[in-house]
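Open the model in your viewer and keep the selection panel at hand. The stops below go one selection at a time.

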Amino acid sequence: MEIGPIWRALTRNKTGAILIALQIAVTLAIIVNAVAIIQERSRLMARPSGVDEPNIFYLSSIGFGDDFNERVTIQEDLDAIRNTPGVVNAIQSNSVPLRGGGWSMGLQTEPGSESESSGVAVYFIDEHGLDTYGLELVAGENFTAADVNWREPQAVEWPDKVLLTQAMAETLYPDGFMEALGNTVYINGNEPMTVTGIIKQMQAPWNGWNGVERVMLVPQHTLFGSTRYIVRTEPGQRDRLMPEIEDMLAERSRDRIIRGMTTMEETRERSYQGDSGMVGILIFVVSLLTAITALGIVGLASFSVSRRTRQIGTRRALGATKPAILRYFMTENFLISIIGVLVGAALAIGLNMWMVQAFSLTPLGWYLVPVAMVLLLIVGQIAVLGPARRAASVPPAVATRTV
Amino acid sequence: MLSMQNVAKIYRTDTVETHALRAFSMEVAEGEFVAVTGPSGSGKTTFLNIAGLLETFESGVYKLDGSDVSSLSDAKRSNVRNEKIGFIFQSFNLIPDLNVFDNVDVPLRYRGFKSAERKRRIESVLETVGLASRTKHLPSQLSGGQQQRVAIARALAGEPRFLLADEPTGNLDTQMAASVMALLTEINQRGTTIIMVTHDPSLAEQATRNIYIRDGQVSEDSSAETLSAPEAAA
Ligand SMILES: Nc1ncnc2c1ncn2[C@@H]1O[C@H](COP(=O)(O)OP(=O)(O)OP(=O)(O)O)[C@@H](O)[C@H]1O
Ligand SMILES: [Mg+2]
């Protein structure tokens, strides 16, 4: 191809070309980094909570009145829920993953306030907890009914047994999570608890925490006045059972109110609302920028075709075929775009390095830059196709007819 | 080598039909230097455009080098223009963003010549028109006469059988026009057939044959024994 003369002609007429190349460069830099952010957010959103999300819902029961017996109510409520057809299992707990609110404590492998402790999320469960959440026990054993006791609001003591997630066990025993099994860990500085089992994975209630998978499961029912029931249903039964169980509980005791009926799916949606909003905005920005750049290319190419009508006619008169004229404008756009994407690649990497520093973002995947470069080159070629075809249809007689 | 029989060309716009050529017939032999004159709007440029395969026509037969070119595809017509015909335009039509060398190079690249061959031809043809020392100049850095010489070099570089020139001296002063005319005469003497439209009778005189077009038809031909409508020269 005649790249030489096309390039030389371009350098003598560079203002428009430079502006478009710059536009392509900026677009590339923004697109690459927007996509990197989208990827990061999507990766965060895709992390499993560890529980059987599609089939779990939860609700709160808040007792009032002097003759409200919380302990009896909880036991009877749980029995009633568990005996409802379609329910797999149910427990009382303080929170669920992704909900946002919950307990955290510190655990350490050596007693004493000098030793460093690691933060951990606390879920209170009973022997039905693993089945209700749908957790996988990888080592040790589940709690038994005998392990479970009642926790008063002001209590500071902790039970003897605890289950840890693999991630928490690894945090305490970096040599391998299995070392935690059977070992004693200390809560509140020097109160011992024995690790009797290890859970494969479960998220803390806060998804923004970098220790999000550090979780401990404690065998206790809580008597805090307000309680939360977690219900796991058989697949497809959840939506039917939610109103049914709400009515049933309301019926069973008049001294409390039932509220906050929520599915795990809603909880996930609410939890990542900000992230999915951000992803939406970025996708919009990326599309808009690409469209604007494509329009810029169409504009510049159209302008240069009409400015060069006579030149095109002359080239046709001198023997250029229609495809040769088409190729000329495609090649010209390719040269402009190549410069744009090369400058853009440098800008993209620079912008990312700055964002990594300023917002502690993960560095972008190296492949994003070449992929975006190729995509923008293709967008450029598609955008220039219209004007280039108009150029190819300029009749050769224009050479003698226009003065 | 060029033969038109009863060629008709009609331009249609929304409101009018212009019969630019009507039953236009003409033969040009190899080596001739034909000057075409005629009133404005008589069809001179139309004739040149059809002869140069820049435009198609409604009816009639046009044979170039013995072969019928009336029904060639657009791509074929481009190739014929590129190989057999050289064009010289009134306003030079140089590509303003390309220097002299690259301008002369344009048709050679469409021809597909190798770089060494192109360079040899460009240098030799610029030598012929006396601009060998100006290869790096842009058209805007040359006088009108020099620009038309570059255009002539560009038309000659492919060694065409034919040169078609529409008012090649129309934008030049008398002195420059004379030197361009001298160059064309020299090119014709080396064997290239030339058809030149001009409004200048003194230039037309220097050609080997004069044709007068009126109303889309040849009304006078200095070489013809029989004229369709003998009239006194204008
Ligand atoms: N593209 C076109 N569309 C419509 N009519 C046209 C077109 N080109 C030429 N004509 C008409 O065809 C006729 C012949 O035009 P042509 O350009 O061949 O004349 P000419 O002899 O070259 O005139 P001039 O000496 O002014 O250059 C004129 O009436 C002109 O107006
Ligand atoms: Mg004319």
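Buried here means under 20% relative accessible area, with exposed over 50% and partly exposed in between. Keep that cut-off in mind for the first stop. Note also that this is a predicted model.

**Stop 1: a covered strand in chain B**

Select residues 33-37 of chain B, which form strand β3. How many of its five residues are buried? Five of the five are, and the strand is mostly covered. Now look at each side in turn. One face carries Phe33(B), Ala35(B) and Thr37(B). The other carries Val34(B) and Val36(B). Both faces of β3(B) are covered.

**Stop 2: the neighbours of β3(B)**

Add residues 193-197 of chain B, strand β8. β8(B) pairs with β3(B) in the parallel sense, over four bridges. To find the register, pick Phe33(B): its bridge partner in β8(B) is Ile194(B).

Next add residues 209-214 of chain B, strand β9. In which sense do β3(B) and β9(B) pair? The sense is parallel, again with four bridges. Pick Val34(B) this time; its bridge partner in β9(B) is Arg209(B).

**Stop 3: the whole sheet**

Zoom out to show the open sheet of six strands in chain B. The order is β6-β7-β8-β3-β9-β10, and the pairing is mixed. Which strands lie at the edges? They are β6 (85-88) and β10 (217-221) of chain B, each pairing on one side only. From one strand to the next, the twist averages 20°.

Now select helix α2, residues 74-84 of chain B. This helix packs on the sheet and touches β6 and β7 (162-166) of chain B. Its direction makes about 80° with that of β6(B).

Move to the β10(B) edge. Strands β9(B) and β10(B) run antiparallel and are joined by four bridges. Label Ile211(B) and Asp221(B): the latter is the bridge partner of Ile211(B) in β10(B).

**Stop 4: a buried threonine**

Select Thr169(B), in the loop between β7 and α6 (174-189) of chain B. Is Thr169(B) buried or exposed? Its relative accessibility is 9%, so Thr169(B) counts as buried. Show what surrounds it. Leaving aside neighbours within four places in sequence, Thr169(B) is in contact with Ala177(B), Val180(B) and Leu203(B).

**Stop 5: two positive phi values**

Select Asn6(B), in strand β1 (residues 2-12) of chain B. Its phi is near 50°, a positive value in a residue other than glycine. Asn6(B) counts as partly exposed because its relative accessibility is 45%.

Now switch to chain A and select Leu98(A). This residue is in the loop between β2 (87-93) and β3 (103-108) of chain A. Leu98(A) is not a glycine, yet has a positive phi of about 75°. At 4% relative accessibility, Leu98(A) counts as buried.

**Stop 6: a helix pair in chain A**

Select α9 (residues 309-317) and α10 (residues 322-359) of chain A. They pack at an angle of about 135°, with their axes 10 Å apart. That angle makes α9(A) oblique to α10(A). The crossing is right-handed.

Show side chains at the contact. From α9(A), pick Gln311(A), Ile312(A), Arg315(A) and Arg316(A). From α10(A), pick Lys322(A), Ile325(A), Tyr328(A) and Phe329(A). Colour them by class: the contact of α9(A) with α10(A) has four nonpolar, one polar and three charged residues.

Conventions: Residues are numbered from 1 along each chain as its sequence is written. Chains are lettered from A and ligands numbered from 1 in the order in which they are written. This is a predicted model: local features need pLDDT of at least 70, side-chain atom pairs count only at pLDDT 80 or more; totals for chains, interfaces and linings use all residues. Side-chain values use heavy atoms; hydrogens and water are left out. Axes are lines fitted to C-alpha atoms, for helices over the stretch in contact, and angles run from 0 to 180 degrees between N-to-C directions. Angles under 35 degrees count as roughly parallel, over 145 as roughly antiparallel, 65 to 115 as roughly perpendicular and the rest as oblique. A crossing is left-handed if the near helix is turned anticlockwise from the far one by less than a right angle, and right-handed if clockwise. Contact means heavy atoms within 4.5 Å. Ala, Val, Leu, Ile, Met, Phe, Trp, Tyr, Cys and Pro count as nonpolar, Asp, Glu, Lys and Arg as charged, and the others, Gly among them, as polar. Two strands pair if DSSP finds at least two bridges between them. Buried means under 20% relative accessible area, exposed over 50%, partly exposed in between (1.4 Å probe, protein chains only).
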